[in-house]
Amino acid sequence: MSPPVAFMRLLRDSIAEHAASRGLTVDFAHAADGAGERQIAQVRQFIAAKVDALLVVPVDAAAGTTITRLAQEADIPLIYMNNGPREDWVTGRVALVLPNDLVAGRLQMRKLAQMLNGTGRVAILSGHPAHAGAALRTRGVKEVIAEFPGLRLVAERAADWDRAKARICVADWLTRNIAIDAIAANNDEMALGAAEALEAAGIPTGRILIGGVDATADGIAAMQRKRLAVTIYQDAAMQARRAIEDALASIWREPVQQYDWVPFELVTDRMSTTHFAR
């Protein structure tokens, strides 16, 4: 999986916790987004070590075909988590535990559109291009923008899920005097970077609405301080639990549905965030 930062840390900790509750041993390997060859090498090493199953958060869409083939040839259960190839059917013991990222983008932008009364200038901060979820979340945002004649996309840039990169990006937009009413970020880290840029520029909280995705601890804390207007809760514990249970069922050669969808949930600054801050 990707290095354990922000949501990926939640996912990693949830995997470790649920595995321990089932008496399982888990070995982790991390690769940066886009480092497909490194992840393929890690998969080869795990197969050589004769692991019972593979849980993979793909860091590069192009590497997915090779990873799937390696697992199929070794007849080892492969569970893609959080991100993965979107195919009609994959042979062998392969399953995908995924959130519907298209829905996340739609939920986020629909709430922002409502808060803007259907009129305003929108900027998008997208995740790493190698992650399918970034493209889907961005697509969902654009679909909603297209539904409102009063909304207009004025800026878009990839900030690779990174808070510092997002802060630099938004600061550049402000320097170039791009008028923005709302920023739709593909994750909370980039949303927080946007909020930091606005604060540094002296823009009052709430003048430019900011949306994130993941409902991380930092994202929820920022929402409680009104720095974020909306985020989308992504349940790391549920993803981890379903992935491990699907892996166990595959090991035992029990039927497993190929697509095991994990729902997103809208969180706004007007809601109690106690549930999401657990």
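This report describes the nonpolar cores and two helices of a predicted model.

## Basis of the values

Local features of this predicted model require pLDDT of at least 70 and side-chain atom pairs count only at pLDDT 80 or more, while totals for chains, interfaces and linings use all residues. Residues are numbered from 1 along each chain as its sequence is written, and side-chain values use heavy atoms, with hydrogens and water left out.

## Nonpolar cores

The largest nonpolar core (buried Ala, Val, Leu, Ile, Met, Phe, Trp, Tyr and Cys residues joined through side-chain atoms within 4.5 Å) contains 30 residues, and L125, V170, W173 and I183 have the most contacts inside it. Two or more residues each come from β4 (120-126), α6 (163-175), β6 (182-185), α7 (188-200) and α8 (217-224). Helices (H or I, at least four residues) and strands (E, at least two) are DSSP runs, numbered from the N terminus. The largest share, 7 residues, is given by α7.

Beyond residues up to four places away in sequence, I183 touches (heavy atoms within 4.5 Å) L112, A123, L125, V170, A194, I208, L209, I210 and G211. A second, separate core has 19 residues, including V57, A95, A243 and I244.

## Helix α4

The 15 residues of α4 (residues 101-115) should span 21 Å at 1.5 Å a residue (1.5 Å times one less than the number of residues), and the end C-alpha atoms are 21 Å apart, in agreement. Buried residues (under 20% relative accessible area; exposed is over 50%, partly exposed in between; 1.4 Å probe, protein chains only) in α4 include D101, L102, Q108, K111 and L112. Just after α4, N117 adopts a positive phi of about 55°.

## Q42 in helix α2

Q42 lies in α2 (residues 36-48) and is buried, with a relative accessible area of 9%. Apart from neighbours within four places in sequence, Q42 contacts A29, H30 and A31.
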